[in-house]
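Reader: I'm new to reading structures and I keep tripping over the vocabulary. Could we go through this one and ask what justifies each word?

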Amino acid sequence: MLSPEQIESFRRDGFLVLEEFVESDACAALRARAIEIVDDWQPSETRTAFTTIEDESPRNAEFLASGGIVWCFFEEEAFGPDGQLRQPKELSINKIGHAMHDLDPVFERFTYTSRLAEVAADIGLVDALALQSMYIFKQPSIGGEVTCHQDATFLYTEPISVTGFWFAIEDATLENGCLWAAPGGHRTGLRQLFKRTGAMTDEDGTVIETLDPTPLPTPPDDLVPLEVPAGTMVVLDGQLPHWSGANRSAHSRHAYTVHCISAAADYPAWNWLQRPADMPLRRLATVAA
Ligand code: FE2
């Protein structure tokens, strides 16, 4: 799938932009299915806002259980002071996560393709397991910032193997909060680990452990914007610092991501994402249509 130049550019920069990787019909089908999932979903009493901002790391049970289910998470700014939604539910959801690729047939078809497996193999992930999926809405006006982070902080393996496959379902622009990346930043070491305390103590929650206090690049100046049309796939090295700003525009910025790990790597029990024993991870192309 990839040319030697593309593989070289991925190794050098830590990311690779592949325009026209997905056909517009497939983007439209995924978008429509995501909206259906939100329509059918009923929020529980305790609402779940999602953020990667350290001090407000999600600690609730729904988040910690979401590795093996399909759940909707609200935007932080979705609620007014009265606790009521400021806008309709379909415009209030930050993202859907984290196992649609195994539980929803539309997402499963989109994810388990031989083309994706080939790209993964080309960059060295010959035994890619699909670990986690997210559909990110980046809603108009209230789509929240995702602070600069490295995915290996949240999905750690020994050795580090997590690789992100990010699909633009709608055009991603400077105005609607496109992805930004720090070229070469994947070679500067992993800064933090996001650990689940339930594996270590009686109380289940999460904690951040610092491995290296060197700050991550500061947005936006230390990163480059990846403005891409719908249908583009961006491959992200698990140690690449990346960021996306808030969306204050009138246009949503839908994206779908799949995070894969190597089947040969060790997956610690303290990772926040744990799958039920009856939901083993599957190889990328094994369910290909
Ligand atoms: Fe990320």
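Reader: Which residues is alanine 130 in contact with, once its neighbours within four places in sequence are left aside?

Author: They are His101, Asp102, Tyr112, Val258, His259, Cys260, Leu281, Arg282 and Leu284. A contact here means heavy atoms within 4.5 Å. Keep in mind that this is a predicted model. Alanine 130 itself lies in strand E4, residues 128–136.

Reader: How far apart are alanine 130 and histidine 101, in sequence and in space?

Author: They are 29 residues apart in sequence and 7.9 Å apart in space, going C-alpha to C-alpha.

Reader: What makes alanine 130 count as buried?

Author: Buried means under 20% relative accessible area. Alanine 130 has 0% relative accessibility, so it counts as buried.

Reader: And what about alanine 255, why is that one called buried?

Author: The reasoning runs along the cut-off again: alanine 255 has 0% relative accessibility, so it counts as buried. Its place is in strand E13, residues 255–262. Not counting residues up to four places away in sequence, alanine 255 touches Met134, Tyr135, Ile136, Trp166, Phe167 and Ile169. Threonine 188, meanwhile, is 67 residues from it in sequence and 27 Å away in space, C-alpha to C-alpha.

Reader: Why does leucine 226 count as buried?

Author: The limit is under 20%, and leucine 226 has a relative accessible area of 7%, so it is buried. You'll find leucine 226 in strand E10, residues 224–226. Beyond its neighbours within four places in sequence, its contacts include Phe15, Val17, Trp180 and Val234. Now take threonine 206: leucine 226 is 20 residues from it in sequence, yet the two are 31 Å apart in space, C-alpha to C-alpha.

Reader: On to helices. How do you know that the buried residues of H1 line one face?

Author: In H1, residues 4–13, the buried ones are Ile7, Ser9, Phe10 and Asp13. Seen down the helix axis, they fall within an arc of 160°, so they line one face. An α-helix has 3.6 residues a turn, so residues three or four places apart point the same way. The face of H1 turned away from the buried side carries the exposed residues Pro4 and Glu5. The cover over the buried residues includes strand E1 (15–18), helix H6 (114–122) and strand E11 (233–237).

Reader: What about H6: how do you know that its buried residues line one face?

Author: The buried residues of H6 are Leu116, Val119 and Ala120. Down the axis of H6 they fall within an arc of 100°, so they too line one face of the helix. They pack against E1, helix H5 (105–111), E4, strand E6 (163–168) and E11.

Reader: What comes just after each of these helices?

Author: After H1 there is glycine 14, with a positive phi near 90°. Just after H6, glycine 124 takes a positive phi of about 105°.

Reader: What makes the phi of lysine 138 worth a remark?

Author: Most residues other than glycine have a negative phi, and most peptide bonds are trans. Lysine 138 is not a glycine, but its phi is positive, about 40°. It lies in the loop between E4 and strand E5 (146–149). Serine 141 is in the loop between E4 and E5, and has a positive phi of about 70° although it is not a glycine.

Reader: Are lysine 138 and serine 141 buried or exposed?

Author: Lysine 138 has a relative accessible area of 3%, so it is buried. Partly exposed means between 20% and 50%; serine 141 has 41%, so it is partly exposed.

Reader: Which peptide bonds are cis?

Author: One runs from glutamate 158 to proline 159, with omega near -5°. Another runs from proline 219 to proline 220, with omega near -10°. Proline 159 is found in the loop between helix H7 (151–154) and E6, and proline 220 in the loop between strand E9 (206–210) and E10.

Reader: Last one: how do you know that the radius of gyration of the protein chain agrees with a compact globule?

Author: With 289 residues, a compact globule would have a radius near 19 Å; the protein chain has 18 Å, so the two agree. Of the 289 residues, 55% count as buried.

Conventions. Residues numbered from 1 in each chain as written. Predicted model: local features only at pLDDT ≥ 70, side-chain atom pairs only at ≥ 80, totals over all residues. Heavy atoms only, no water. Rg over C-alpha atoms; globule rule 2.2 N^0.38 Å. Buried < 20%, exposed > 50% of the residue type's maximum accessible area, 1.4 Å probe, protein only. Helix = DSSP H or I, 4+ residues; strand = E, 2+ residues; numbered from the N terminus. Arc of directions from axis to C-beta.
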